[in-house]
Amino acid sequence: MWAAATDERIKFVQSSCSGFAGSGCFRYEETFDPEEVKDTNFGDPRCENLVDMLGPVPYWLGNDGKDIAEYIGRENDLPFDMHFMKAAVAPRYLFESISVDDIWANPRGAYITHKAAKEIFKFLGAEDNIVLSCRYGPHAHTFNDFCRFFDFIECSLQNKTYLWDNADQMFSYMDISEII
């Protein structure tokens with residue numbers, strides 16, 4: 001996604017189960033009842049957060065995470081969130097695929113940033129150029145995710161509506177008006 005946000009030669013980009021500092025949301029962290037998520041692939045009843053990322057992979061966040069570390073516990077004070085990254089791809093094509101079961105990768109946060117970025121795509125007359133395709137299952141880039149991405153490319157090139165943008169149905173119970 002970073003490459004597409006900074007290089008306009010990239011016409012299509014896919015983000016798959018990217019979670020924190022990817023499709024997820026720095027400002028939205030959720031904890032679940034452990035019994036509710038006992039069958040998820042990680043078994044962790046919460047989504048990853050800034051502390052989790054600065055330990056093993058600080059280089060994902062630039063400057064070995066030194067600049068962003070000051071926001072630990074103050075994520076709402078960040079001057080940006082991942083919808084900015086997604087919006088930087090507009091009006092080109094962004095396909096996101098997530099598993100709603102992949103709690104650690106923050107699927108609800110991915111939906112929040114998707115909806116916020118979609119407003120920029122809409123403003124630019126490219127509302128159909130951003131899609132969030134949701135599925136059930138483990139943290140993985142599955143063969144079906146791969147096929148749906150190519151279907152999205154094909155539909156886009158032929159000016160057809162892509163039918164697997166199912167995020168609004170999957171997250172219809174969420175009121176995100178206070179978050180974005």
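**Exercise 1: a phenylalanine on helix 4**

Find out how Phe 123 counts: buried or exposed?

*Solution.* Start with the cut-offs: buried means under 20% relative accessible area, exposed means over 50%, and partly exposed is in between (1.4 Å probe, protein chains only). Phe 123 has a relative accessibility of 70%, so Phe 123 counts as exposed. Next, place the residue: Phe 123 is found in helix 4. Helices here are DSSP runs of H or I with at least four residues, strands are runs of E with at least two, and both are numbered from the N terminus.

Before you go on: this is a predicted model, so local features need pLDDT of at least 70 and side-chain atom pairs pLDDT 80 or more, while totals for chains, interfaces and linings use all residues. Residues are numbered from 1 along each chain as its sequence is written, and side-chain values use heavy atoms, with hydrogens and water left out.

Now look around Phe 123. Together with Ile 120 and Leu 124, Phe 123 forms a nonpolar patch on the surface, with about 330 Å² of accessible area. A patch takes residues with over 30% relative accessible area and no salt bridge, joining nonpolar side chains (Val, Leu, Ile, Met, Phe, Trp, Tyr) within 5 Å and like charges within 9 Å. The areas come from the Shrake-Rupley method with a 1.4 Å probe, and for residues only the protein chains shown count as cover.

**Exercise 2: the whole chain**

List the helices and strands in chain order: which pattern do you get?

*Solution.* First, count: there are 6 helices and 3 strands. Then walk from the N terminus, and you get α-β-α-α-β-α-β-α-α. Now add the totals. Of the 180 residues in the chain, 48% are buried. The chain exposes about 9,600 Å², and carbon and sulfur atoms supply 53% of that area. Finally, check the contacts, where contact means heavy atoms within 4.5 Å. Taking those between residues at least 6 apart in sequence, 74% join residues at least 24 apart.

**Exercise 3: the sheet**

Describe the sheet: what is the order of its strands, and in which sense do they pair?

*Solution.* Step one is the order: this is an open sheet of 3 strands running 1-2-3, with parallel pairing. Step two is the edges: strand 1 (12-16) and strand 3 (130-135) each pair on one side only. Step three is the twist, which averages 15° from one strand to the next. Angles run from 0 to 180 degrees between N-to-C directions, and the axes are lines fitted to C-alpha atoms, for helices over the stretch in contact.

Now zoom in on one pair. Strand 1 and strand 2 (residues 93-99) pair in the parallel sense over 5 bridges; two strands pair if DSSP finds at least two bridges between them. Here, Gln 14 stands opposite Phe 95 in strand 2.

Last, add the helices. Helix 4 (residues 107-123) packs on the sheet and touches strand 2 and strand 3, at about 160° to the direction of strand 3. Helix 5 (residues 143-157) also packs on the sheet, touching strand 1, strand 2 and strand 3, and its direction makes about 155° with that of strand 1.

**Exercise 4: salt bridges on helix 4**

Look up Lys 115: which side chain does it meet in a salt bridge?

*Solution.* Recall the rule: a side-chain nitrogen of Lys or Arg must be within 4 Å of a carboxyl oxygen of Asp or Glu. That gives 7 salt bridges. The partner of Lys 115 is Asp 168, at 3.1 Å from N to O. Lys 115 lies in helix 4 and Asp 168 in helix 6 (residues 167-170), so this pair ties together parts 53 residues apart in sequence. Another pair is Lys 118 with Asp 165, again listed at 3.1 Å, N to O. Lys 118 sits in helix 4 and Asp 165 in the loop between helix 5 and helix 6, 47 residues apart. Lys 118 is buried at 14% relative accessible area, whereas Asp 165 is partly exposed at 24%.

**Exercise 5: a residue in a loop**

Take Ile 68: is it buried or exposed?

*Solution.* Begin with the place: Ile 68 is in the loop between helix 2 (50-54) and helix 3 (82-87). With 8% relative accessibility, Ile 68 counts as buried. Then list partners beyond four places in sequence: Phe 26, Leu 50, Leu 54, Leu 61, Leu 78 and Phe 80. Of these, Leu 50 is 18 residues away in sequence, and its C-alpha is 8.5 Å from that of Ile 68.
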